[in-house]
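Here are my notes on this one, numbered so you can reply point by point. Have the coordinates open as you read.

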Amino acid sequence: MQEAYLNGLNEKQLEAVLHIKGPLMIIAGAGSGKTKVLTTRVAHLMHSGVDSFNILALTFTNKAAAEMKERVEKALGNTDARNLYIGTFHSVFARILRAEADKLGYPKSFTIYDTDDSRSVIKAVVNDMGLDDKLYKPNIVHNRISSAKNALVGPTEYAMDTFLKQEDARSNRPAIAEIYASYAARCFKNGAMDFDDLLFKMHELLQNFPEVLHKYQHKFKYILIDEYQDTNPVQYQIAKLLAAVHENLCVVGDDAQSIYSFRGATIENILQFQKDYDDVKLVKLEQNYRSSQSIIGVANYVIKNNVGQIPKELWTENETGDKIKLVRTMTDNDEGKFVADAIQENKLRNHFYNKDFAILYRTNAQSRSFEESLRRTGIAYKIYGGLSFYQRKEVKDYIAYLRIIVNTKDEEGLKRIINYPARGIGKTTMEKCLVIAGEQNITFFEVLEKAKVFGFKAGTLTAIEEFVTMIKYFQNQLTKHNAYDVAVQVGKHTNLVKELFNDKSTEGLARYENIQELLNSIKEWTESPSNDDGELGDKSLGSYLQQITLITDADNDNENEDTVKLMTVHAAKGLEFACVFLVGLEESLFPSGMSVNTREELEEERRLFYVAVTRAKKHLWLTYANTRYRYGQLVQNDPSRFIDEMPEEQIDKSSSGGGAKNQSSGWGSAYDRMQGGSNKSWIDPEKNTRTKTEGSKPSYLPVVAPHTLNKNHIPSANFTPCDPSALEAGVKIEHQKFGFGVIKEIEGSAHNPIAIILFDKNGEKKIMLNYAKLSIVP
DNA sequence: CGACGGACCTTTTTT
DNA sequence: AGGTCCGTCG
């Protein structure tokens, strides 16, 4: 006799669900019902007598957590699921750290710094240390520190690590260790943790406080980790510590979908898992329930190019479905038009809704042309990623007030609002305060509190005192009123709301609305009976602030909203759509130009491609453009190598690119390329309009495999890229890919010279000298 | 002290 | 292209 919730599971899925005791690793291919297995397993645990308070499930997005909770509830038919500890690594650990903050010397309501805050602190540190901020760019330094934390390397270990030291010396940034130490000290002084600290400090907590470790080890008797392939060493170590007593650790992942190595994730964790525990139960889920056979076929075929992976093959009983459609357009704008038109057409013909479509790209910057074309076509869309609501300036400023009320040590927050709205505490005063704070080793706010002692001008002093009084007034309110009421008070007393209200420009209106939305969200949170803090029931402003920093755009997804979804491939992980447009499939874009230098990097790009392809249920379009604007400059890229890697017979190349009816897809040039003749035409707009198809017949032209023409050239041993300024007409050159040729002419502007080169084997090409590497042939 | 305008730099991907 | 930072002007 089986329980009802077990119905509908296949043999493998059932095996995974029924395994209760001991370590379990589930390798779950894309669309293999992973979430179903996870949620059913949780339901089964509870049904088997496990107390819901003893289950911890860690996911990577709040959305995944919410979905899991909801589905467990459904499977159980009661509300016990409310007691489950389900959340992202970051939010669960933030909650625990909040409860245990005093042990680490942090205030309970420590501030969580987002990436912008972190960078801003780093910038200040670099400046204070008198280092060159051109060399020590905030995001480079931040990445470095972030990687260290994710690898469990603290400032002290960093300074002692010879390998890291060598790396920094090689990149001419020997002071990173020092910056790291200073940054960490500054964050601590500010009573703040950055994203990585939420993991790093959590580990520290468990490592250094045996009684705390003991407490959580016994609380979390059953632990599940989703998207296991994307965990990094800290996350792994924390999980290992927590699971050490009961060893009921269940991890679910797919090595083929590991796409977060830049965040320190390592596939090693999958291999290590089997080494760390004696009898690991391993279950592979290989049947895909999501996609058509065509889609699965292509995904499998491409991923085979990766050397390192756990052997498995995804299969499906779904119908064969349409072939994958490959479309080439002239420009990025044409790409946008094509996609908008195709969506329009498919909505009519196949009765799809907007929400059945997703446009996936490699980088956020690519969204622009699609936004434009969708808007023009009148198709509702929503962009995910980019600036999150809480990162908008006006929202962040407002929140900065709330941050200061809760944690006056937060220097970053204080800097934002000390003179916003303007109250006569300018840059000079602020810098003076910061210097004093440094000298006296007190916080910025303490300097303000004791301003009298430090000899400010009378006017300035009054302004400071009024500011301090105001903040203290708010703090006082905090004990009497809820988070929402305090937030409203802040808006009133600071004139923030009024100021925005008076700004009647379009942007001003939007800002005002954003603040209203913020206030609404605080209200909603304050009044909701149960929230993410579940058992703690903590409705304080401090608790609110800690969770909003961890909310991302994707979490605000509204299932009922009928909009086309635009997002990066990374953001699309875990999602599925009936129709997917995977766009911008060009070399240096996808795969990213930054990730083609090592086999490992390239394989990750390929996994990313795999993730993108497997999001599609029924229809998949792959598009690329001949030319596009990047950093305001027109560039031309070869089609992505991933296109070459696909099985030709499964690809439908007949779709017309171009977008608008009177647009050419530029196939005339494809003909040229097949002839091995001139290539100049394919970026020549004049020629394009002439080579367009006659009448209403769709342009039906084959796509040329991009590398067949030029992949054979092997650069000479003495190939040394030369300075572009040394080039002029008549010079013989060698190109890394196109081989030998002669410069016919140099055109373009001085800062963006373009050489027209006649290649021996590849015809005439326009080469942008800022990008291409050419070697002069003597 | 703040508003404007011109250099300058950017870009992978995210909690 | 679009945002940020710094210099100049009122």
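1. G426 makes a backbone contact with DNA strand B: one of its backbone N or O atoms sits 2.9 Å from a phosphate oxygen of the strand. Polar contacts here are pairs of N or O atoms within 3.5 Å. N419 also reaches a phosphate oxygen of DNA strand B, with a polar side-chain atom at 3.3 Å. For T115, the partner is a base oxygen of DNA strand B, 3.4 Å from a side-chain N or O atom.

2. Before you lean on those distances: this is a predicted model, where local features need pLDDT of at least 70 and side-chain atom pairs count only at pLDDT 80 or more, while totals for chains, interfaces and linings use all residues. Side-chain values use heavy atoms, with hydrogens and water left out; residues are numbered from 1 along each chain as its sequence is written, and chains are lettered from A and ligands numbered from 1 in the order written.

3. There are 24 residues around DNA strand B, and K137, R362, G426, T552 and M594 come nearest; being near takes a heavy atom within 4 Å. That surface divides into 7 nonpolar, 14 polar and 3 charged residues, with Gly counted as polar. Of the strand B atoms within 4 Å of the protein, 54% belong to sugar or phosphate and the rest to bases.

4. Around DNA strand C you'll find K123, Y631 and G632. Sugar or phosphate supplies 10% of the strand C atoms within 4 Å of the protein, and bases the rest. A side-chain N or O atom of K123 is 2.7 Å from a phosphate oxygen of DNA strand C, whereas Y631 places a backbone N or O atom 3.5 Å from a base nitrogen.

Key: Polar contact = N/O pair within 3.5 Å; in protein donor to acceptor, adjacent residues only side chain to side chain.
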